[in-house]
Amino acid sequence: MPIDKEQRIRRAEELFMQGFNCSQSVVAAFADIYGYTEEQALRLSAGFGGGIGRMRLTCGAACGMFTLAGMDCGSTTPGDREGKSHNYKVVQRLAGRFAAEHGSLTCAELLKLKRGAPVTCEASERTAEYYKTRPCVRQIISAARIFAEYLEEKENHL
């Protein structure tokens, strides 16, 4: 069943603009495909925002793609090296596309934060100024598009 790529991308952007974090926005835009409710998707991906718990590590939008890759082709059998390897290959492919577009997978680098900038657990207030100064929406749109393209490629090879 073909997905509406543009609709999924718009939904990810809408979720972010409503105040959800980058990872939540990407995961919730696709989770229904895998039988998850929006609430389940939002909870499942909540900890990856802000570069994993606001530690500015791996970009939350990229983590959202990786979470979706797990939903799509994650191994569920103990000792399934072939299944794990396939999932890792998908994650690495998604990561490569994201990094090629943005120059990094690291939240702090994408935000152009100074090395050693303080890390806090305090979520940023979502204001018009916040949205104007953050590049995050570009990464969210990109991650949603990259994952939608992955699904289209997968569908075309079946």
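A salt bridge here is a side-chain nitrogen of Lys or Arg within 4 Å of a carboxyl oxygen of Asp or Glu. The views below all come from a predicted model, and by this rule eleven salt bridges are counted in it.

**Figure 1. E101 and R145 meet in a salt bridge.** Start with the side chains of E101 and R145, which come to 2.5 Å, N to O. The two partners link distant parts of the chain, with E101 in helix α5 and R145 in helix α8, 44 residues apart. E101 has a relative accessible area of 41%, so this residue is partly exposed. R145 also counts as partly exposed, because its relative accessibility is 23%. Widen the view a little and you find a network: salt bridges that share partners join K5, E101, R145, E149 and E152.

**Figure 2. A salt bridge joins R97 to E153.** Here the closest N and O atoms of R97 and E153 are 2.9 Å apart. Because R97 lies in helix α5 (residues 81–102) and E153 in helix α8, the pair ties together parts that are 56 residues apart in sequence. R97 is partly exposed, at 24% relative accessibility. E153 is partly exposed too, at 29%.

**Figure 3. R43 and E39 form a salt bridge within one helix.** The closest N and O atoms of R43 and E39 are 3.2 Å apart. Both residues belong to helix α3, and the four residues that separate them make about one turn of the helix. R43 and E39 are both exposed.

**Figure 4. D4 and E152 are far apart in sequence, so look at their C-alpha atoms.** Their positions differ by 148 residues in sequence, while the C-alpha to C-alpha separation is 9.8 Å. D4 is found in the segment before α1 (5–18). With a relative accessible area of 39%, D4 is partly exposed. E152 is also one of the members of the salt-bridge network in Figure 1.

**Figure 5. The largest pocket has a volume of about 360 Å³.** Of the 26 residues that line this pocket, N21, G49, G50, R56 and R126 are the closest to its centre. Three helices, α4 (60–73), α6 (107–110) and α8 (136–156), each supply at least two residues of the lining. By residue type, the lining divides into 14 nonpolar, eight polar and four charged residues.

**Figure 6. R56 has a positive phi.** R56 is one of the residues closest to the centre of the largest pocket, and its backbone deserves a look of its own. Most residues other than glycine have a negative phi. The phi of R56, in contrast, is near 65 degrees. R56 sits in the loop between α3 (38–45) and α4. Is R56 buried or exposed? Its relative accessibility is 13%, and buried means under 20%, so R56 counts as buried.

**Figure 7. K112 also has a positive phi.** K112 is not a glycine, yet its phi is about 60 degrees. This lysine lies in the loop between α6 and α7. K112 has a relative accessible area of 71%, and therefore it is exposed.

**Figure 8. M55, L57 and V119 make a nonpolar surface patch.** The patch formed by these three residues covers about 260 Å². V119 is found in the loop between α6 and α7 (128–133). How accessible is V119, and which class does that give? Its relative accessibility is 47%, so V119 counts as partly exposed.

**Figure 9. L105 lies in the loop between α5 and α6.** L105 has a relative accessible area of 25%, which means that it is partly exposed. For a sense of scale, follow the chain between L105 and L94: they are eleven residues apart, and their C-alpha atoms are separated by 11 Å.

Terms used. Residues are numbered from 1 along each chain as its sequence is written. This is a predicted model: local features need pLDDT of at least 70, side-chain atom pairs count only at pLDDT 80 or more; totals for chains, interfaces and linings use all residues. Side-chain values use heavy atoms; hydrogens and water are left out. On a 1 Å grid over the protein atoms alone, a cavity is a set of points where a 1.4 Å probe fits but cannot get out, and a pocket is an open set with protein on both sides within 12 Å along at least five of seven lines; lining residues have an atom within 4 Å of a point. Grid points are joined across faces, edges and corners, and a volume is the space filled by probe spheres set on the points. Ala, Val, Leu, Ile, Met, Phe, Trp, Tyr, Cys and Pro count as nonpolar, Asp, Glu, Lys and Arg as charged, and the others, Gly among them, as polar. Patches are made of residues with over 30% relative accessible area and no salt bridge: like charges are joined within 9 Å, nonpolar side chains (Val, Leu, Ile, Met, Phe, Trp, Tyr) within 5 Å. Accessible areas come from the Shrake-Rupley method with a 1.4 Å probe; for residues, only the protein chains shown count as cover. Buried means under 20% relative accessible area, exposed over 50%, partly exposed in between (1.4 Å probe, protein chains only).
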